[in-house]
Amino acid sequence: MYNKQLFAHVRGDFPILKQRFQGQPLTYLDSAASSQQPEQVIEAVAEFTRTSYANIHRGLYHLSELSTDLYDRARQRVARFIGVEDAPTVIFTRNTTESLNLLAYTWGEKYIEEGDSIALPVLEHHSDLVPWQQLALRKKAQLRWIEIRPDGTLDLDSLQEALTHKPKLLTFTWVSNVFGTINPVEEIVRLARAQGPITIILDGAQGVPHLKTDVQRLGVDFLAFSGHKMLSPTGIGVLWGKRELLERMPAFLFGGSMISSVKRDRSSWDVLPNRFEAGTPNISGAIGLAAACDYLDSLGMEEIRRHDQALMSYAIEQLNNVPGAEVLGPLDVNQRCGVLSFYFKGIHPHDISTLLGREGVCVRAGHHCCQPLMREIGMGGTTRASFYVYNNEEDVDRLVAALGKVAQVFKGVECGPGCELRPRKVLVQSGHRQLWPACCPKSQCTTCLAPSAHNRALSNTMDSCSPDLTTPTLNVDLTTPRSQQVPSEGGRKDA
Amino acid sequence: MPNTASDNLINDDLYRQIILDHYSRPRCNHRLEHPTCSVEGTNPSCGDEIELDLLVKDGVVQDVGFVGEGCSISMAAASMLAEAIKGQPVAKVRQLAQAFKARLLSHDDAQAAQEAQGVDIGELEALDGVRDYPVRIKCALLGCNTLLTALDEAQKD
């Protein structure tokens with residue numbers, strides 16, 4: 001259980017949440033896209049702007065020295081937040097996307113060659129997918145995909161298979177922005193390093209805001225994350241890397257601040273971190289991010305984790321009681337954090353989120369910048385509620401109540417036209433593999449033929465089946481009607 | 001088989017009953033066997049997709065079919081549009097599509113009426129409510145924009 005008193009106080013720190021939307025309290029459940037900012041962060045940026053602002057570095061006057069000092073201290077603060085002692089290895093960028101592109105254009109351009117392999121999970125956000133896909137196309141390198149299991153966790157057998165190709169690079173997300181799955185970073189790193197020399201990038205966009213971060217313990221070579229998902233303003237992100245790797249990388253953007261000397265025909269680069277921070281950086285953003293680190297540490301990342309687990313557990317329970325709603329991803333709150341994607345009655349996620357929005361419930365809907373994953377699970381998109389320190393059980397209750405109104409508007413249209421035509425490849429709840437959405441009469445687990453969550457209240461067979469989750473890929477006949485299909489091997493396990 | 005939306009008692013300004021009816025029972029929701037042209041349309045930001053087939057002969061849209069995946073607004077709009085253009089002369093179809101598009105992109109009813117220039121868009125008026133949801137306008141226009149591209153394609157041949 002988490003410290004309810006502490007978190008009741010937290011909500012009051014966020015001025016935006018004091019607003020009402022058409023008389024309703026604002027229910028902000030979109031922090032995985034962008035989090036809100038507490039008074040402490042807003043004030044830190046405002047105070048800096050009011051009293052200390054000037055461009056950093058070479059200004060030989062009081063204000064510039066003050067500004068430079070605050071910017072450097074912000075870097076040290078962020079370094080401490082992720083367990084880094086060598087502060088210059090923390091590079092400020094705009095966001096995770098820029099951090100990963102920086103790597104693709106520097107490390108990637110230097111080290112990836114024709115015929116090389118790059119391993120990455122199919123559940124990656126486009127920001128950790130497209131830069132590598134494009135690099136692979138430029139270099140004639142191969143992408144080696146790591147598949148997911150039906151419950152939304154990473155398939156470690158598939159990882160092993162990818163590793164047999166001796167990839168030079170493994171890049172993966174700490175936490176899935178669709179399923180909320182926490183990938184076992186240390187185990188993945190151990191398996192990858194056991195195969196030989198490999199460079200490992202961790203996309204921490206969803207992980208760092210929620211989980212205590214210590215790059216030494218995680219064992220990765222690079223970590224990318226964004227400030228705006230952890231209580232900071234937009235436009236500030238981080239790339240951390242091991243010093244020996246950063247120093248061997250070519251420069252990325254050229255211009256002011258990043259040089260040590262410029263001649264008419266050549267230039268040389270400054271040391272870390274300047275060499276990767278061309279131009280005037282986001283000074284205010286860095287100061288905001290440092291203040292956000294202070295705020296998060298004042299709550300304690302362990303306490304934040306407990307709060308998230310309690311909220312997640314409550315949300316899963318409540319959503320599972322809503323007829324026609326299905327939570328995607330692992331149900332074990334130890335395996336997930338931050339986000340909760342769900343499916344609701346065959347109603348398109350955009351229709352759901354428009355209707356929820358009218359009730360003051362802010363969620364995100366669609367492919368969540370994970371189109372390959374959506375194709376993999378056979379869904380056009382999901383509706384996603386995501387939580388952070390300022391959310392509480394009442395937010396979940398308002399979400400559930402608003403879903404009731406969605407159901408009312410769409411009464412009688414429980415299945416969309418695509419529903420029968422486009423069965424899903426897997427259902428990601430309880431490990432049951434299910435082709436059809438819960439609202440379809442056809443909905444049954446394809447492995448054990450147990451009825452779906454939809455019918456759980458009627459027949460309590462859901463829990464009596466523990467399908468084998470180790471099979472990496474599910475081959476499904478999407479063309480033959482189920483009634484004409486030969487039952488799969490192992491068929492009915494329960495009575 | 002899903003019920004029709006006719007037992008939906010809520011009269012919503014966006015999700016009108018006729019929209020939900022077209023969503024649950026889309027018209028012309030199939031591919032054509034020998035189309036004059038087939039055009040694919042997508043909304044990259046939301047992932048909605050539509051494939052539209054036209055059979056154009058003697059300057060008339062003899063047949064139309066579409067399949068797609070998307071929200072109720074995009075699918076219902078495509079269905080209503082398909083139904084409205086079947087059997088109509090190409091010139092009239094183009095006029096209708098343009099009038100519908102102008103109407104959705106206008107700010108209010110007065111401007112909408114002016115933009116439509118006297119073209120009767122029939123059932124498609126039910127989508128007027130979408131104007132109050134700026135991010136959803138592109139959903140309502142997916143089928144329409146795809147149709148306009150398809151008409152250009154058809155006339156090339």
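**Entry 1: Phe172 of chain A**

In which strand of chain A is the place of Phe172(A)? I found Phe172(A) in strand S7, which covers residues 169-173. I note at the outset that the model is a predicted one.

I then asked whether Phe172(A) is buried or exposed. Phe172(A) counts as buried because 24 other C-beta atoms lie within 10 Å, where 20 or more are required. Leaving aside residues up to four places away in sequence, I listed what Phe172(A) touches: Leu120(A), Pro121(A), Glu124(A), Asn183(A), Ile188(A), Leu202(A) and Asp203(A). I also looked up Asp128(A), which is separated from Phe172(A) by 44 residues in sequence and by 7.4 Å in space, C-alpha to C-alpha.

**Entry 2: the two domains of chain A**

I consulted the domain assignment of chain A, which gives domain 1 as 4-30 + 300-414 and domain 2 as 44-296. For the C-alpha centres of domain 1 and domain 2 of chain A, I recorded a separation of 28 Å. To the contact, domain 1 of chain A gives 23 residues and domain 2 of chain A gives 22 residues.

Which elements of chain A give two or more residues to the side of domain 1 that touches domain 2? I noted helix H11 (301-320), strand S14 (339-344), helix H13 (371-377) and strand S17 (382-386). H11(A) supplies the largest share of that side, five residues. Sorted by class, the side of domain 1 of chain A that touches domain 2 of chain A holds 11 nonpolar, six polar and six charged residues.

**Entry 3: a sheet of chain A and helix H12**

I next traced an open sheet of four strands in chain A, with the order S13-S14-S17-S16 and antiparallel pairing. Its edge strands are S13 (325-327) and S16 (364-366), each of which pairs on one side only. From one strand to the next, the twist averages 30 degrees.

I looked at one pair in detail: S16(A) and S17(A) are joined by three bridges in the antiparallel sense. Arg364(A) has Arg384(A) as its bridge partner in S17(A).

What lies across S14, S16 and S17 of chain A? I found H12(A) there, running at about 160 degrees to S16(A). Helix H12 of chain A spans residues 349-358 and is mostly covered, with eight of its 10 residues buried. I wrote these down as Pro349(A), His350(A), Asp351(A), Ile352(A), Ser353(A), Thr354(A), Leu355(A) and Leu356(A). After H12(A) comes Gly360(A), and I recorded its phi as positive, near 80 degrees.

**Entry 4: chain B**

I turned to chain B, in which there are five helices and three strands. Read from the N terminus on, the elements of chain B follow the order α-β-β-β-α-α-α-α.

How does the radius of gyration of chain B stand against that of a compact globule? A compact globule of 157 residues would have a radius of gyration near 15 Å, and the 15 Å of chain B therefore agrees with it. Along the principal axes, I noted a box of roughly 45 × 40 × 30 Å for the C-alpha atoms of chain B.

Of the 157 residues in chain B, 43% are buried. Finally, I checked the contacts in chain B with a separation of 6 or more: 61% of these are between residues 24 or more positions apart.

Note on methods
Residues are numbered from 1 along each chain as its sequence is written. Chains are lettered from A and ligands numbered from 1 in the order in which they are written. This is a predicted model: local features need pLDDT of at least 70, side-chain atom pairs count only at pLDDT 80 or more; totals for chains, interfaces and linings use all residues. Domain bounds come from an automatic or database domain assignment. Two residues are in contact if their C-beta atoms, placed from the backbone, lie within 7 Å. Ala, Val, Leu, Ile, Met, Phe, Trp, Tyr, Cys and Pro count as nonpolar, Asp, Glu, Lys and Arg as charged, and the others, Gly among them, as polar. The radius of gyration is taken over C-alpha atoms; the globule rule is 2.2 Å times the number of residues to the power 0.38. A residue is buried if 20 or more other C-beta atoms lie within 10 Å of its own, exposed if 12 or fewer, and partly exposed in between; C-beta atoms are placed from the backbone. Two strands pair if DSSP finds at least two bridges between them. Axes are lines fitted to C-alpha atoms, for helices over the stretch in contact, and angles run from 0 to 180 degrees between N-to-C directions.
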